[in-house]
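Here are my notes on this model, point by point. Please read them with the structure open.

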Amino acid sequence: MSANLNIIGVLTSGGDAPGMNAAIRAVTRAAIGQGIRVKAIYRGYKGLIDGEVKEFTSQDVSGIIQRGGTILKSARCTEFQTKEGREQAYQTILREQIDALVVIGGDGTFTGGRLFAQEYDIPVIGMPGTIDNDLWGTDATIGYDTSLSTITECIDKLRDTATSHERIFLVEVMGRDAGFLTLNAAIAGGCEAAIIPERATVMEQIEDAIGNGRRKSKNSSIVLVQEHAVEGGANAVAKMIEKEHPEYSTRVTVLGHLQRGGSPTAYDRILASRMGVAAIQALMDGQRNVMVGIQNDDIVLVPLSKAIHQKKDVKEDKWQAMLTLSI
Ligand code: ATP
């Protein structure tokens, strides 16, 4: 064990994602296995500021690997974005004698963690826990695979109804600024179009989808719309269609928080478990301010600055596959 690594803190922050519990379990057990004590921090950075901390034993994380959400709760905390808020958080670190932090969340969580690490000279390791898969330096984030499966299942159910009526179904999908969930779900669900922020082709795609539908005598279409690809989301796209093509009626389904829930897939559980063990190993190796990522099924460490600031683009072959197969 590294000389000054006696106690670590672990928290989940930002949007919850399936597999966060598996990550908490892995971090806790990997640390305890190395003789490091674990202090669980509730409600993300809010709990760090308020001192909502509980020491975890191995038993505290039993029976949670299959559970969605996060037992530590999550929160969006604007106070942590202020110097005063972070100073208060540091007082908790001192009081609880925490030597290093493992933060599980998305880019906002990493931005806060990095700032905190720089200001107070505390090692921070990030674990990518977000359904959006929008972090650079990792092929996958914890929760993404589960969410993708959930969305695909919803599309399958909608397809049954869609084929029974002559309508265009618009399905709004989450993703913050990224179209990974939408594009991949469109491929998996055999959808007619995917409107994503990375490709500004809304009306062209709609025209193609409608045109192709006519050519193939399809009597239905399912179009996925990433929540922020178009101002107003799927409802705005529906209005555009009804204006240009009044002969078509549209139906909008906003999947909303359904996309975050549910028991994590085996992939997410395994990813979270590997990453949790790697996070503790990284701290023991003296690493700081890095994110644990996965690339080509190998665990990697990526500077938090890169994970946050570099832009991950959608794979062109996937985009082409969606377009090619939607005819
Ligand atoms: P998701 O991708 O699931 O939304 P996220 O981690 O990006 O997750 P955010 O709400 O953006 O979610 O960030 C989580 C928390 O991180 C914020 O509530 C805030 O406490 C902290 N945070 C975000 N940005 C900053 C910042 N610039 N400075 C300090 N703290 C920040």
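1. A residue counts as near a molecule when one of its heavy atoms lies within 4 Å of it. The model is a predicted one. The shell around the ligand holds 18 residues. R76, C77, G106, G108 and T109 come nearest.

2. Which helix gives the most to this shell? Helix 4, residues 107-120, does, with 6 residues.

3. Check the contacts to ligand oxygen atoms. A polar side-chain atom of R76 is 2.6 Å from one ligand oxygen. For G108, a polar backbone atom lies 2.9 Å from an oxygen of the ligand. G15 also offers a polar backbone atom, at 3.3 Å from a ligand oxygen. The ligand taken alone exposes 620 Å², and the protein buries 88% of that.

4. Where does the ligand sit? It occupies the largest pocket.

5. Now L304. This residue lies in helix 10, residues 304-309. Its relative accessible area is 1%, so L304 is buried; the cut-off is under 20%. L304 and D107 are 197 residues apart in sequence, yet their C-alpha atoms are 8.9 Å apart in space.

6. Last, helix 8. It runs over residues 233-244, 12 residues in total. From first C-alpha to last it reaches 17 Å, close to the 16 Å expected at 1.5 Å a residue. Its buried residues are G233, A234, A236, V237, A238 and I241. An α-helix has 3.6 residues a turn, so residues three or four places apart point the same way. Please view the buried set of helix 8, from G233 to I241, with that in mind.

Notes:
Residues are numbered from 1 along each chain as its sequence is written. This is a predicted model: local features need pLDDT of at least 70, side-chain atom pairs count only at pLDDT 80 or more; totals for chains, interfaces and linings use all residues. Side-chain values use heavy atoms; hydrogens and water are left out. Helices (H or I, at least four residues) and strands (E, at least two) are DSSP runs, numbered from the N terminus. The expected span of a helix is 1.5 Å times one less than its number of residues. Buried means under 20% relative accessible area, exposed over 50%, partly exposed in between (1.4 Å probe, protein chains only). A polar contact is a pair of N or O atoms within 3.5 Å; within protein, one must be able to donate a hydrogen and the other to accept it, and residues adjacent in sequence count only if both atoms are side-chain atoms. Accessible areas come from the Shrake-Rupley method with a 1.4 Å probe; for residues, only the protein chains shown count as cover. On a 1 Å grid over the protein atoms alone, a cavity is a set of points where a 1.4 Å probe fits but cannot get out, and a pocket is an open set with protein on both sides within 12 Å along at least five of seven lines; lining residues have an atom within 4 Å of a point. A molecule sits in a cavity or pocket if more than half of its atoms lie within 2 Å of its grid points.
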